Amino acid sequence: MTRECAVLLPGVCAALADPRQPGLDDTCLEKLLDWFRSLTWFDPTVELVQDNPCLTELLSSVLALADPSPGILSFTLQLAGILASSESRFQHLQQEKLLGRLFGPEGPRGGAAWEEASVRSAWLKGVHSMLHHLPALHCLCSTGGMDVIFTLQGDSSLFVASAASQLLVHMLTFSLESATPKALSTKDCDWPGCAQTIVKHIKESLQSSSASHIEQSLKLLSSLFGSCFGSCYAAWTEALWLDIAKQIESFLLEETVQAQPLLANLLLNVARSPAFCGTEGSFWALVTSALEHLTPVQAGPLAVGLLKLCKCPQDVRIQALTVLLQPMDCILRAASQPLECAGLLDESVSDPATVESLLSSKTSCAGLLCQTLTHLEKLLSLKHLRVDLPCVSLLHSLLTILQFCNGFLSPPSPLGSTISRNLINCFRVQKSALDVLAALSEKKECDTLIGNLFNVLLAYLQSPNTSPTVLKKTFQATSKWLVHLQELSSSNSQWPQTEKILEDVLVVLQKRLCSPCWEVRDSSLEFLTSMVKCLRDQKEFRQCLLSSEVLRLTENLLEDPESYVRASAVTAVGHLAPIACFAPESPVTGNQYNKESIVAKLQEILSTDSEGFPRRAVISIFTKWLREGCTGQLEDTEHFVSRVIQTVEHDLDWEVRLGGLELVEVFCSQTICQLSQCPYAPVSSAVPSSTPQNELLQVFCRAKLFGFLFGSLCDCDKPVGQRACDVLVGLRGHFYPMSTLENPQEIEDSPAGRGIAWLQRTLRQGSLAQNFPVDADVGVDFQDPESMMLALGAIDLLELHDELNKSSDHVEESPQSLLQDILAAVGTIEDNEVDCY
């Protein structure tokens, strides 16, 4: 603790214990506790409480209050626990007889304050902080603290109940950590004292007739096996499991037990333990039983979790996959003729009638399918799935679901008709199915159904009943499958089929770009951009695109009334331009999409659009063009960059200004590469008279880069200043590669030098004039190469870089500032002494 903080702390403690003072903000108290946690973490000695007696005085004063506020009492309980986290401080507070009065029977837990959930929660947190040594554990057990924690497991406040469960996990783990090696090597019945109490409580609760007690113990067990206990104590994990396995099995078989939904999470956490990584043993038999007896909704999370495990036995893994595929299998069978029942599965894990019943119910059908589809999407995203997915049948089932949802399929079976009615216009299921459909585009074995797949996708794209959110998902899936289609057609020479699909997609896209719904127009533009990114190198795609009306419609949307659509149109136009007007081949006859027109329109948006989104999109596209060399020769590029930065330097949106700096950075890098003899090598001399150096400086000065960069250093938005400084530091590294910087004292006598000195002082003050003076004594000519060379060499950019990169809270959130704020809040120091934030 610093001397300044030690001086302020007694006043803070006195203010906290004074009932006449107004209650402090909870955030201040939490920050104060965080500070004490950091102090005690780095220093376990007793000196903290001995050298600051105001801390024990605070605890005593709060205990002496007849009716302390819940906030101050909660703070005191947590502070006491933090201070008692080391054995030496614990003994000191015990000698002061404070801990028993706070955490024992005579403390808050026996009074009216205990009715406050915040006090009960603080008591648990204080105990948790304290329990890092055996004396604290023994003290808690001997004063009835265990029974209090067991009771709080079932507290009406979920926060309190959760904290009690976490504390019991910590206590059992700590009890084992503290046990002797001899104790840890004995039989499972010989648990260390505290651990034995907790295990006994768990077993008794599981055998209780109270559903809430059973639920509490199952939650505790789940937390326990999911914690470091399950991974660090394999022998004890196995011992505990053997104690409770029969009871867990009975819960699975008793279908009326309300605790069944918790069993899946418990079994999954146990399965993750190293104790059960082998393929033998009764545990995996119980897991198999759970997959059979839990409902499909309950078994789904267990099944997908098992499939992610590396060491799950293969037969269990196959059974888990079967559980996930059962609803998809049911869909396929329901859509088939009676004699064509070709489903996904040869046999089911549980009774197929259960799944059929859930899918036949209006209330459960969508829920089961959404859960199943979400799990399947997760599995498809895994790089190494240790079981084979029947991708073709799965794709067939997905297409069936999507056809059920839009009413394009009328199955002959009664079950199919019922499911179809349940799913009609069900947006949730449509979105989930389309997500899985997109994920399946990575699987090559699905090629046989590609024609049917695009028929379904096009039906969704064309249908007026497709909601905007579902349409967006359809576009995303279509984009992925178009990429796959291109790969397929390239390898199999199936271009005619691909061309027809592309033409159909572009016809639908033209219609959607004219939609009265702005979300649809926006999604259509995003889809177009995605297509261009993926297929721009395909000659056939470019031909289809250029012969359609898509380009004209996209350009029209640059004037859309909705700013999101204008921004998406800018991005789409930016990706289309290299194909339509920057490419060597001439665009299609009659196409008005020309370079000058597009650049002018985007520059107009950058300078006049009232919303930030389109302007950000423009500067992003201009930077993209610059990177790809779409802006012409050096002279054209120089003029282009100059015009852009003169527009963006006064933009009110900091992200636009930041984008302008990124453009400048790319321009500088490219220009240096073009004008230097070796593209990536630094120049060999810092002498400004060398031809490449002079030419570079002249280009940068003509483009008015330096005025923009130095002005941005003092931008009110910190990221802009940081980026500008990064660019200037990079330029200085090029012009002064050997750190042969100018001496400010030597150059200050010249007119240019005096201007540079003024600039250095002004930058340190953190502000620049709106208009830079260019005359004589104090001005800087930002378009003069010699002045800018001097500026780069003389101004301490690294010092400025360090200042800009300092966290804004390096002063404001210091402990000293926090203590001053607390004292200011209670009115004990003058306003001008406070560093509020």
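1. Which side chains meet in a salt bridge at 2.5 Å, N to O? Those of E549 and R552 do. Keep in mind throughout that this is a predicted model. Neither partner is hidden away here: E549 is partly exposed, with a relative accessible area of 38%, and R552 is partly exposed too, at 44%.

2. On to the other salt bridges. The count comes to 23 for the model. A local example is E215 with K219, where the closest N and O atoms sit 3.3 Å apart. Both residues belong to helix 14 (residues 211-226), and they are four residues apart, about one turn of the helix. As for accessibility, E215 comes out as partly exposed at 33%, and K219 as partly exposed at 41%.

3. The one I'd click on next is E638 with R702, a side-chain salt bridge of 2.8 Å from N to O. E638 is in helix 35 (residues 634-648) and R702 in helix 37 (residues 691-702), so this pair ties together parts that lie 64 residues apart in sequence. The two ends differ in burial: E638 counts as buried, at 11% relative accessibility, while R702 is partly exposed, at 47%. There is also a network to look at, in which salt bridges with shared partners join R536, K624 and E628.

4. Now the helix packing. How do helix 30 and helix 32 lie relative to each other, roughly parallel or roughly perpendicular? The axes of helix 30 (residues 539-546) and helix 32 (residues 563-580) cross at roughly 105 degrees and come within 11 Å. An angle of 65 to 115 degrees counts as roughly perpendicular, and these two helices are therefore roughly perpendicular to each other. On the helix 30 side the contact involves R542, L545 and L546, which meet L576, I579 and A580 of helix 32. By residue type, the contact of helix 30 with helix 32 splits into five nonpolar, no polar and one charged.

5. Aromatics: the count comes to 14 aromatic pairs. Take F475 and F527, with ring centres 4.6 Å apart and planes at 20 degrees, so this pair is stacked. F475 is in helix 27 (residues 468-492) and F527 is in helix 29 (residues 518-535), so the pair ties together parts 52 residues apart in sequence. Both rings belong to buried residues, F475 having 4% relative accessibility and F527 having 3%.

6. The pair F710 and F782 has another geometry: the ring centres are 5.8 Å apart and the planes are at 45 degrees, so this one is tilted. F710 comes from helix 38 (residues 705-712), whereas F782 comes from the loop between helix 41 (751-765) and helix 42 (785-794), so the pair ties together parts 72 residues apart in sequence. F710 is buried, with a relative accessible area of 0%, and F782 is likewise buried, at 5%. Elsewhere, ring pairs link F225, W241, F283 and W284 into a cluster.

7. Is I619 buried or exposed? It is buried, with a relative accessible area of 2%. I619 lies in helix 34 (residues 612-627). Leaving out residues up to four places away in sequence, I619 touches V644, V648, V656, G659, G660 and L663. From I619 to Q603, 16 residues away along the chain, the C-alpha separation is 9.1 Å.

8. One loop residue is worth a look as well. S441 lies in the loop between helix 25 (427-439) and helix 26 (450-462). Buried means under 20% relative accessible area, and S441 is buried, at 6%. Which residues does S441 touch, not counting those up to four places away in sequence? They are K480, W481 and H484.

Key. Residues numbered from 1 in each chain as written. Predicted model: local features only at pLDDT ≥ 70, side-chain atom pairs only at ≥ 80, totals over all residues. Heavy atoms only, no water. Buried < 20%, exposed > 50% of the residue type's maximum accessible area, 1.4 Å probe, protein only. Contact = heavy atoms within 4.5 Å. Axes fitted to C-alpha atoms, helices over the stretch in contact; angles between N-to-C directions. Parallel < 35°, antiparallel > 145°, perpendicular 65-115°, else oblique. Nonpolar A, V, L, I, M, F, W, Y, C, P; charged D, E, K, R; others polar. Salt bridge = Lys/Arg side-chain N within 4 Å of Asp/Glu carboxyl O. Phe/Tyr/Trp six-rings, centres within 6.5 Å; stacked < 30°, edge-to-face > 60°.
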